[in-house]
Amino acid sequence: MPAMCSVRQLALLLGAELAQLESLLQEQLGEELQSAEDVVSLESAELAALEFGKILLRPPEDAAAAAAAAAAAAPRPPVVTVMGHVDHGKTSLLDALRSSNVTAGEAGGITQHIGAFEVVMPGSGERLTFLDTPGHAAFGAMRARGAAATDIVVLAVAADDGVMAQTREALAHARAAHVPVVVALTKCDLPQARIEQVKLQLLSEGLELEEYGGDVQLVETAARKGQGLDALEEALLLQAEVMELRARTDVPATAVVVEAQVAKGLGPVATVIVRSGTLRLGDPIVVGTEHGKVRAIKDGRGASITQAGPGQAAVVSGLRAIPAAGDELIVVGSDARAAKMAAARAARAEDFRQGQLARMQAEHSRRQAQLRQQEYEREVGSVAGCRVQEGSLQLASGVVFRVVRDGEVVYEGPCSSLRQHKNDVSAVGKAGECGVVLDEGRFGGYKPGDVVQCVQQRTVRS
């Protein structure tokens, strides 16, 4: 789409009727339009495109606009996730990092778990935001939803244990998300630590450590003694400096949901990482298919604040329902617009769900039919999986079975057995499903499309 797109231009792009598009933009998405020449906001254009089965590509910034945006952007703190094998010291490392930034007077006040916390470096005042390890499954789920919540992964590897299954899993997640890794070698104070041997294991996993000529930093730590924490923080700030993490603060905020829950007295609350802009009290917001208004913001220590900027973790209340991890939070112009955008997203999500459900049911029916056929084929070679369309199939005196293929009778004779659900039966009525086993000595086998007939023969005396 062009950088400035009118309602009329958007209708042409989407192949939509102008009146239909105007109705959608006004009634569902809250756009206030005076004429077909009014410019449509980018988020409304994207949502409208989805309603018409299209995806709009955002316009590339020209050189001047890109330069202006870069000039307006300010450095932001990196967001760090600690991952690794179970019992490799992730929790101890996070606890030590958290405690390293708490004064004696504050220590007793940190009792609640809010999913993220900040560390402020003494002297420089530079900040690091740590996600309180969401776990590999949550990290993978957020990545699958396109959520860019993490800038750097700290891979915790125990010096006494080395590379294990979940170490490789964490490394795979980081690589798939294209997130740089800093290795924290934990438990280095233990007498059974095998530091050099573990480094070689890491090299064999493709981590090119700095001391071997690569670019992956490794820091030796002992969390319980506070050993190596300063060096780890410095390593993370150095990695962030290389990445040149910047964001604008003067635009409507966008954030990523890390976790959400119902809090006593507050209702649904979400821990979010602000990616750009400044999130403020009173902002109308849309989160996934939910909407609300920011009623309260708390920082990583649980203290109330009035705003949160890029790279900061915050707990937000004021939502109407619990969002999912990985949902994007966006600030919009008004409560009415937030409600309409959320309703449009919810309707689209329900349509998608119904479509998926229909496809799943169709696939289930197809698989059931295949399984029934395979079940009968395993039992006997010359067997047909059938549904009775008219009358009934019976095993009785004077009854013969015919197989009609392309209008010709290719078999007429007895039926060895009728089977339903692996049980022998004597009759199957209309719409019933069964397996029909014929005399193998006389019948060469079924082909798809064969029609089985059950005929009662009677002798008529003249």
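Student: In this predicted model, which residues are linked in a network of salt bridges?

Tutor: The network of salt bridges joins Glu-196, Lys-199, Glu-211 and Glu-220, and the count for the whole predicted model comes to 17 salt bridges.

Student: Why is the contact between Arg-337 and Glu-31 called a salt bridge?

Tutor: The N to O separation between the side chains of Arg-337 and Glu-31 is 3.1 Å, and because the cut-off asks for a side-chain nitrogen of Lys or Arg within 4 Å of a carboxyl oxygen of Asp or Glu, the pair qualifies as a salt bridge. Arg-337 lies in helix α11 and Glu-31 in the loop between α2 and α3, so the pair ties together parts that are 306 residues apart in sequence. Both Arg-337 and Glu-31 are buried.

Student: What makes Lys-430 count as exposed or buried, and what of Glu-390?

Tutor: Exposed means over 50% relative accessible area; Lys-430 has 56% relative accessibility and therefore counts as exposed, and Glu-390, at 63%, counts as exposed too. The side chains of Lys-430 and Glu-390 meet in a salt bridge at 4.0 Å, N to O.

Student: How do you know that Arg-402 forms a salt bridge with Glu-412, and why is Arg-402 called partly exposed?

Tutor: The closest N and O atoms of Arg-402 and Glu-412 are 2.7 Å apart, which satisfies the requirement of within 4 Å. The pair links strand β20, which holds Arg-402, to strand β21, which holds Glu-412, 10 residues apart. Because partly exposed covers the range between under 20% and over 50%, Arg-402 at 24% is partly exposed, and Glu-412 at 34% is likewise partly exposed.

How values were computed. Residues are numbered from 1 along each chain as its sequence is written. This is a predicted model: local features need pLDDT of at least 70, side-chain atom pairs count only at pLDDT 80 or more; totals for chains, interfaces and linings use all residues. Side-chain values use heavy atoms; hydrogens and water are left out. Helices (H or I, at least four residues) and strands (E, at least two) are DSSP runs, numbered from the N terminus. Buried means under 20% relative accessible area, exposed over 50%, partly exposed in between (1.4 Å probe, protein chains only).
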